Amino acid sequence: MADENKLKNGELRVGLEEEDIIWKDRKRVTIFALPWSFTQYSLTASRLFIKKGFINYTEGEVRLYRIKDITYTQSLGERIGRTGTLKIISTDASTPALEILHIKNARRVKDVLSQAVEVSRRENGVRASEIIGGAPAGRGGGGSALGPDIFPDRNGDGIDDRNQ
């Protein structure tokens, strides 16, 4: 009986709930926008995953509530191939900047990602404070009103430490 409950090396005995994938695509190459690359992107309700490599494999993720900015760009070659690129800025320590390169429906993916980020922020109780011209957003003035230290953020994750 005791042997039945023993955990072997490398085994997991956890019932984790897997999230549904909202979107997935591959980095597309060539003027014909064919998905002939070893870079894959996927999005769930709470995370963005980037998987790269064939021989050497790397998998990264960014929690959506950590995303600060998303920019959509489209070069001439991408316009011809009907693809686009998303540039993402986050407060994630390992992935502060990320590019989702040459994907189909990039503008629509940007909209979906933006909405998912807002939902994730609400669910995690994260308040975004943007500084424009040295003053907090929504408080005119443009001077150095409160400066960059509006809330305590000792660990540098961009989240008010009072809410953690």
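**View 1. Surroundings of S37 in the loop between strand 1 and strand 2 (39-43)**. In this predicted model, S37 has its place in the loop that runs between strand 1 and strand 2, and with a relative accessible area of 10% this serine is buried, because buried means under 20% relative accessible area. Two backbone atoms lie close to polar side-chain atoms of S37: the backbone oxygen of K27 is 2.8 Å from a polar atom of that side chain, and the backbone nitrogen of T39 is 3.4 Å from a polar atom of the S37 side chain. When residues up to four places away in sequence are not counted, S37 touches R26, K27 and V29, so that K27 appears both among these contacts and as the residue whose backbone oxygen faces the S37 side chain at 2.8 Å.**View 2. R47 in strand 3 and its contacts**. R47 belongs to strand 3, which comprises residues 47-52, and at 22% relative accessibility this arginine counts as partly exposed. Leaving aside neighbours within four places in sequence, R47 is in contact with E19, S42, E61, V62, R63 and L64. With one of these residues, E61, the side chain of R47 makes a polar contact, side chain to side chain, at 3.3 Å. The C-alpha atoms of R47 and G60, which are 13 residues apart along the chain, are separated by 10.0 Å.

**View 3. A nonpolar surface patch formed by L12, V14 and L16**. Together, the residues L12, V14 and L16 have about 390 Å² of accessible area in this patch on the surface. L12 is placed in the segment before strand 1 (23-26), and its relative accessible area of 77% makes L12 exposed.

Notes:
Residues are numbered from 1 along each chain as its sequence is written. This is a predicted model: local features need pLDDT of at least 70, side-chain atom pairs count only at pLDDT 80 or more; totals for chains, interfaces and linings use all residues. Side-chain values use heavy atoms; hydrogens and water are left out. Patches are made of residues with over 30% relative accessible area and no salt bridge: like charges are joined within 9 Å, nonpolar side chains (Val, Leu, Ile, Met, Phe, Trp, Tyr) within 5 Å. Accessible areas come from the Shrake-Rupley method with a 1.4 Å probe; for residues, only the protein chains shown count as cover. A salt bridge is a side-chain nitrogen of Lys or Arg within 4 Å of a carboxyl oxygen of Asp or Glu. Helices (H or I, at least four residues) and strands (E, at least two) are DSSP runs, numbered from the N terminus. Buried means under 20% relative accessible area, exposed over 50%, partly exposed in between (1.4 Å probe, protein chains only). A polar contact is a pair of N or O atoms within 3.5 Å; within protein, one must be able to donate a hydrogen and the other to accept it, and residues adjacent in sequence count only if both atoms are side-chain atoms. Contact means heavy atoms within 4.5 Å.
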